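Biologist: I should like to examine how the descriptive terms applied to a model are justified. May we go through them one by one?

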Amino acid sequence: MKSESLRSTSDVLLLAPVRGLLAEVPALLGQLAAFAPDAVGAGLSAEELGSLQQYFVRSDAEPVVPLTTNEVNEVRGLSRFGEVRVPNPTYVELLRWADARGMPIEPLDPSEDRTARLFTEHIGYVELVRRTVKERSVGRRPPTPSTPDEFALAWDREVAGGRGSRDFARARDRHLVRRAQRLGTGKSRIAVVVDRERFDVVRALFAGELAEPLAED
């Protein structure tokens, strides 16, 4: 798991565990407890967060989770590093941690409708076909790096390395950082949790290292 302390509208602890890997959860919760944030934001849409709360955190029985072929292949590739769970245990356990402390988690990603619009704005038909081909290719021959951190980055490069895909991801990350800055206004410390592959861009946006506007998209 990558983590870094930053300064924005408040002190920010940016945490980026590898998606799906159960072994990342203890370190995440340990750093959160030590940091003692006034608020926590997550790289989820409001709809995603609500579904996790309803079906996996506050429900007595978990539903069956249908997976896309790409998700199945990613889980298989990552499982060589340890137990992998779906949905992502990072966010399920984060929500349970927050519930126990009476602390709401703020969804920082765009809504599902807005995300769909961003996707169509940045990813055209040709790149969509290329993404599909790449997903099938990486599913047949998943990357074999020596660490889960490297696996997460390699998988993302293979599947979403096209220009339009990068522009789409950057737009989503700008939205997240803007929302996090608003969340931090008037607070001393906030924690922000994102998937590992988003860490570098989100960190750079917080640090002002990318010459990109953070105004409303």
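Biologist: Why is Arg 166 called partly exposed?

Modeller: This is a predicted model, and the values discussed here are computed from it. The relative accessibility of Arg 166 is 46%. A residue is buried under 20% and exposed over 50%, with partly exposed in between, so Arg 166 counts as partly exposed. Arg 166 is found in helix H8.

Biologist: What makes Arg 166 a member of a positive surface patch?

Modeller: Arg 166 forms the patch together with Arg 130, Lys 134 and Arg 163. Lys and Arg count as positive, and a patch takes residues with over 30% relative accessible area and no salt bridge, like charges being joined within 9 Å. At 46%, Arg 166 passes the accessibility limit. Helix H6 (125–140) and H8 are the elements that give two or more residues to this positive patch.

Biologist: Which residues form the patch of negative charge, and which helices supply at least two residues of it?

Modeller: Glu 47, Glu 48, Glu 112 and Asp 113 gather on the surface in that patch. Helix H2 (46–57) and helix H5 (112–122) each supply at least two of its residues.

Biologist: How do you know that Asp 113 is exposed?

Modeller: Asp 113, which is found in helix H5, has a relative accessible area of 56%. The term exposed requires over 50%, so Asp 113 is exposed.

Biologist: What makes the nonpolar surface patch, and where does Tyr 125 lie?

Modeller: Tyr 125, Val 126, Val 129 and Val 133 make a nonpolar patch of about 410 Å². Tyr 125 lies in helix H6. With a relative accessibility of 67%, set against the limit of over 50%, Tyr 125 counts as exposed.

Biologist: Let us turn to aromatic rings. How many aromatic pairs does a search of the whole structure find?

Modeller: The search finds three aromatic pairs.

Biologist: Why is the pair of Phe 119 and Phe 168 called edge-to-face?

Modeller: The ring centres of Phe 119 and Phe 168 are 5.4 Å apart, and the planes stand at 80°. Rings pair if their centres lie within 6.5 Å, and planes over 60 degrees apart count as edge-to-face, so this pair is edge-to-face. The pair links distant parts of the chain, with Phe 119 in helix H5 and Phe 168 in helix H8 (residues 163–184), 49 residues apart.

Biologist: Are Phe 119 and Phe 168 buried or partly exposed?

Modeller: Phe 168 has a relative accessible area of 12%, and the limit for buried is under 20%, so Phe 168 is buried. Phe 119 has 24% and is therefore partly exposed.

Biologist: Which residues do ring pairs link into a cluster?

Modeller: The cluster holds Phe 81, Phe 151 and Trp 155.

Biologist: What makes the contact of Arg 179 with Glu 106 a salt bridge?

Modeller: The closest N and O atoms of Arg 179 and Glu 106 are 2.8 Å apart, and the rule asks for a side-chain nitrogen of Lys or Arg within 4 Å of a carboxyl oxygen of Asp or Glu. The contact is thus a salt bridge. Arg 179 in helix H8 and Glu 106 in strand S4 (residues 105–107) are 73 residues apart. By this rule the count comes to 14 salt bridges.

Biologist: How do you know that Asp 149 forms a salt bridge with Arg 196?

Modeller: Their closest N and O atoms are 2.5 Å apart, set against the limit of 4 Å. Asp 149 lies in helix H7 (residues 148–160) and Arg 196 in the loop between strand S5 (189–193) and helix H9 (199–207), so the pair ties together parts 47 residues apart in sequence. Arg 196, at 4% relative accessibility, counts as buried.

Biologist: Which residues are linked in a network of salt bridges?

Modeller: The network links Arg 19, Glu 74, Asp 195 and Glu 197.

Biologist: Finally, the backbone. Where is the cis peptide bond, and what is its omega?

Modeller: The cis bond joins Val 86 and Pro 87, with omega about 0°. Pro 87 is placed in the loop between helix H3 (69–78) and helix H4 (89–100).

Biologist: What is notable about phi of Ala 36?

Modeller: Phi of Ala 36 is near 50°, a positive value in a residue other than glycine. Most residues other than glycine have a negative phi. Ala 36 lies in the loop between helix H1 (25–35) and strand S3 (39–42).

Methods. Residues are numbered from 1 along each chain as its sequence is written. This is a predicted model: local features need pLDDT of at least 70, side-chain atom pairs count only at pLDDT 80 or more; totals for chains, interfaces and linings use all residues. Side-chain values use heavy atoms; hydrogens and water are left out. Patches are made of residues with over 30% relative accessible area and no salt bridge: like charges are joined within 9 Å, nonpolar side chains (Val, Leu, Ile, Met, Phe, Trp, Tyr) within 5 Å. Accessible areas come from the Shrake-Rupley method with a 1.4 Å probe; for residues, only the protein chains shown count as cover. The place of a charge is taken as NZ of Lys, CZ of Arg, CG of Asp or CD of Glu. Helices (H or I, at least four residues) and strands (E, at least two) are DSSP runs, numbered from the N terminus. Buried means under 20% relative accessible area, exposed over 50%, partly exposed in between (1.4 Å probe, protein chains only). Rings of Phe, Tyr and Trp (its six-membered ring) pair if their centres lie within 6.5 Å; planes under 30 degrees apart count as stacked, over 60 as edge-to-face and the rest as tilted.
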